[in-house]
Amino acid sequence: MKFPALIIGDVHGKKKMLKELVQLLHFDIPAWVERYEIKSVVFVGDLFNRVDTLELDTLAIYHRALLRLKVDYRVEVHLLAGNHDAHYKEDAAVAGLAQE
């Protein structure tokens, strides 16, 4: 059976769950990509768990896994930012997206 895309939402990756995050990103998703001949993986927001800090361990796991999907499996990877992925300024404007 073939599926054109795998849609994943609200992973909420954080340092406390690195083992589960590695399992999902480095083993489960690549296995599904091969088994179902998936051509696109779409993350629909909330890759991270907090808006006030970005844990480098979590970021590194995402970076390696998403690059591997793109290079080794030739899969299109799409990331949609969720409310937990944007770092907020004190005035609640999203950093980098606020209008001047």
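**Exercise 1. Find which residues lie nearest the centre of the largest pocket, and work out what the lining is made of.**

Step 1. Start at the centre: of the 10 residues that line the largest pocket, L47, F48, L59, L66 and L79 sit nearest the middle. Keep in mind as you look around that this is a predicted model.

Step 2. Now ask where the lining comes from. Two elements each supply two or more of its residues: helix 2 (56–72) and strand 3 (76–80). Helix 2 is the top contributor, with 4 residues.

Step 3. Sort the lining by class. You get 8 nonpolar residues, 1 polar and 1 charged.

Step 4. Finish with the volume: the largest pocket holds about 150 Å³ of space.

**Exercise 2. Lay out the chain's helices and strands in sequence order.**

Step 1. Count the pieces: there are 2 helices and 3 strands.

Step 2. Walk along the sequence and write down each one as you meet it. The pattern reads β-α-β-α-β.

Step 3. Add a note on burial: of the chain's 100 residues, 32% are buried.

**Exercise 3. Track down the salt bridge and say which parts of the chain it ties together.**

Step 1. Search the whole structure, and 1 salt bridge turns up. Its partners are the side chains of K2 and E37, with 3.5 Å from N to O.

Step 2. Place the two partners. K2 belongs to the segment before strand 1 (5–8), while E37 is in the loop between helix 1 (18–36) and strand 2, so the bridge ties together parts 35 residues apart in sequence.

Step 3. Check how open each partner is. K2 counts as exposed because its relative accessibility is 60%, past the 50% cut-off. E37 has a relative accessible area of 40%, so it is partly exposed.

**Exercise 4. Decide whether V44 is buried, partly exposed or exposed, and do likewise for G45.**

Step 1. Take V44, which lies in strand 2 (residues 40–44). Its relative accessibility is 37%, so V44 counts as partly exposed.

Step 2. See what V44 does at the surface. Together with I7 and L80, V44 makes a nonpolar surface patch of about 270 Å².

Step 3. Move on to G45, in the loop between strand 2 and helix 2. Here the relative accessibility is 3%, so G45 counts as buried; the cut-off for buried is under 20%.

Step 4. Look for a partner from elsewhere in the sequence. G45 and V11 are 34 residues apart along the chain, with 8.0 Å between their C-alpha atoms in space.

Key: Residues are numbered from 1 along each chain as its sequence is written. This is a predicted model: local features need pLDDT of at least 70, side-chain atom pairs count only at pLDDT 80 or more; totals for chains, interfaces and linings use all residues. Side-chain values use heavy atoms; hydrogens and water are left out. On a 1 Å grid over the protein atoms alone, a cavity is a set of points where a 1.4 Å probe fits but cannot get out, and a pocket is an open set with protein on both sides within 12 Å along at least five of seven lines; lining residues have an atom within 4 Å of a point. Grid points are joined across faces, edges and corners, and a volume is the space filled by probe spheres set on the points. Ala, Val, Leu, Ile, Met, Phe, Trp, Tyr, Cys and Pro count as nonpolar, Asp, Glu, Lys and Arg as charged, and the others, Gly among them, as polar. Patches are made of residues with over 30% relative accessible area and no salt bridge: like charges are joined within 9 Å, nonpolar side chains (Val, Leu, Ile, Met, Phe, Trp, Tyr) within 5 Å. Accessible areas come from the Shrake-Rupley method with a 1.4 Å probe; for residues, only the protein chains shown count as cover. A salt bridge is a side-chain nitrogen of Lys or Arg within 4 Å of a carboxyl oxygen of Asp or Glu. Buried means under 20% relative accessible area, exposed over 50%, partly exposed in between (1.4 Å probe, protein chains only).
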